[in-house]
Amino acid sequence: MLEGGPSRTGVSALDGLQQAIETGDRAGAVRLAREAIDGNLPAQAVLDAMTVAMGVVGARFQANEIFVPEMLIAARAMKAATAILEPLLAGAGIAPVATAVIGTVHGDLHEIGKNLVAMMWKGANIAVIDLGTDVPAAQFAAAAREHGARLVGVSALLTTTMGGMRDVVEAVRAAGPPGTRVIVGGAPVTAGFAREIGADGYAPDGNSAVGVALAAIGVASR
Ligand code: B1M
């Protein structure tokens, strides 16, 4: 009988990949991500397996079954494995449709979600300047000015740091290029919070961050 969906080998590669991320096995994660891609599994399915793994890691941390060092090595494994996907997601456009500056808000060291959004934006032919993590509000505005960015992306993963996004919106309005749009996201961030702080857009995940960013600057999605 013929069945759609990933092959058994594909499914077990994704299970193995999820396991490798959960246990922080960086070499295994890279190898299995490569095998999954070489086996023609869609990049999105590979990404989803890794994201599920980080959810498991977070739940274990919350239940005091693992601690910060284990979260960190899991994140390092995911970071290394997502690098395999970047060339697949990267855009092949000639001139970028816009430039974006992106970073994680001040006080916050979580970078994987921000990296994924940066990857997706590059895939949509947006030139991305990545400021990294723990970025002060003024630096977003200064970088936007320096690079003539029409978009500023801000990520926050902690309820204790998301308030800093308001400072970024204010800094960009005060000292960024006129008309620059600020897009926010991250696990604790909601559309309501984004509205409250005066952001121009909110996206719950990397995929939707593309449409939200393009809509914010008036460019039609392809
Ligand atoms: Co931290 N951590 N962490 N952590 N960590 C969380 C976020 C937590 C939910 C874990 C938990 O308790 N269940 C919890 C936050 C609780 C809260 O505030 N509500 C937490 C905590 C408490 C902490 C510390 C305070 C722990 C401590 O020290 N006691 C500490 C804080 C350090 C700091 O930042 N100052 C800390 C540290 C760390 C590590 C450094 C060890 C490590 C990060 C390493 C790294 O990034 N290089 C880490 C990790 C790995 C996690 C979890 C397990 C995984 C995060 C992740 O990468 N997810 C996380 C638990 C969890 O998320 N379930 C947790 C995968 C990623 C693909 O998803 O980042 O949500 P995410 O991104 C998504 C969307 O949110 C969205 O799109 C992405 C793709 O779909 N998105 C955007 C993100 N940014 C966007 C921007 C956009 C649009 C969409 O537009 C610009």
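**Exercise 1. In which helix does Gly123 lie, and is this glycine buried, partly exposed or exposed?**

Solution. The structure is a predicted model, and every step below refers to that model. Begin by locating the residue: Gly123 belongs to helix H5. Next, take its relative accessible area, which is 25%. Buried means under 20% and exposed means over 50%, with partly exposed in between, so Gly123, at 25%, is partly exposed. As a last step, turn to a distance along the chain and through space: Gly123 and Leu72 are 51 residues apart along the chain, and their C-alpha atoms are separated by 27 Å.

**Exercise 2. Work out whether Asn115 is buried or exposed, and find which residues Asn115 touches beyond those up to four places away in sequence.**

Solution. Asn115, too, is located in helix H5. Its relative accessible area is 16%, and for that reason Asn115 counts as buried. Once residues up to four places away in sequence are set aside, Asn115 touches Lys79 and Asp130.

**Exercise 3. Identify the protein donor of the cobalt atom of the ligand, and describe what surrounds the ligand.**

Solution. Start at the metal, where the only protein donor of the cobalt atom is His110, through its NE2 atom at 2.2 Å. Then place this histidine in the chain: His110 is part of the loop between strand S1 (98-104) and helix H5 (112-123). Widening the view, there are 34 residues around the ligand, of which Gly107, Leu109, His110, Glu111 and Ser155 come nearest. Finally, look at nitrogen atoms of the ligand that have polar protein atoms beside them. For Gly107, a backbone N or O atom lies 2.9 Å from a ligand nitrogen, while for Gln62 a polar side-chain atom is 3.4 Å from a ligand nitrogen. Gly186 contributes a polar backbone atom, at 3.5 Å from a nitrogen of the ligand.

**Exercise 4. Decide where the buried residues of helix H7 fall around its axis, and say what covers them.**

Solution. First check the length of the helix: H7 (residues 164-175) has 12 residues and reaches 16 Å from its first C-alpha to its last, close to the 16 Å expected at 1.5 Å a residue. Second, list the buried residues, which are Gly164, Met165, Val168, Val169, Ala171 and Val172. Seen down the axis of H7, these buried residues fall within an arc of 165°, so they line one face of the helix. A general rule helps in reading such a pattern: an α-helix has 3.6 residues a turn, so residues three or four places apart point the same way. Third, ask what lies over the buried residues of H7; the cover includes helix H6 (137-147), strand S3 (151-155), strand S4 (181-185) and helix H8 (191-196).

**Exercise 5. Follow the chain into the loop after H7 and describe the surroundings of Thr180.**

Solution. Thr180 sits in the loop between H7 and S4. With a relative accessibility of 4%, Thr180 counts as buried. Its side chain reaches the backbone oxygen of Ala149 at 2.9 Å. Leaving aside neighbours within four places in sequence, the contacts of Thr180 include Ala149, Leu151 and Val152, together with Val172.

**Exercise 6. Carry out the same kind of analysis for helix H2, and then examine the phi angle of Asn40.**

Solution. The 13 residues of H2 should span 18 Å at 1.5 Å a residue, and the end C-alpha atoms are 18 Å apart, which agrees. The buried residues of H2 are Gly28, Ala29, Leu32, Ala33, Ala36 and Ile37. They cover an arc of only 160° around the axis, which puts them on the same side of H2. On the other side of this helix, Ala27 and Asp38 are exposed.

Now move on to Asn40, which takes a positive phi of about 65° just after H2. Most residues other than glycine have a negative phi. Asn40 lies in the loop between helix H2 (26-38) and helix H3 (43-62), and at 69% relative accessibility Asn40 counts as exposed. Asn125 also has a positive phi, of about 70°, although it is not a glycine. Asn125 is in the loop between H5 and strand S2 (126-130), but this asparagine is buried, with a relative accessible area of 13%.

Note on methods
Residues are numbered from 1 along each chain as its sequence is written. This is a predicted model: local features need pLDDT of at least 70, side-chain atom pairs count only at pLDDT 80 or more; totals for chains, interfaces and linings use all residues. Side-chain values use heavy atoms; hydrogens and water are left out. Donors are N, O and S atoms within 2.8 Å of the metal (3.2 Å for Na, K and Ca); water is not among the atoms, so sites may look incomplete. Helices (H or I, at least four residues) and strands (E, at least two) are DSSP runs, numbered from the N terminus. The expected span of a helix is 1.5 Å times one less than its number of residues. Buried means under 20% relative accessible area, exposed over 50%, partly exposed in between (1.4 Å probe, protein chains only). The arc is that of the directions from the helix axis to the C-beta atoms. Contact means heavy atoms within 4.5 Å. A residue is near a molecule or strand if one of its heavy atoms lies within 4 Å of it. A polar contact is a pair of N or O atoms within 3.5 Å; within protein, one must be able to donate a hydrogen and the other to accept it, and residues adjacent in sequence count only if both atoms are side-chain atoms.
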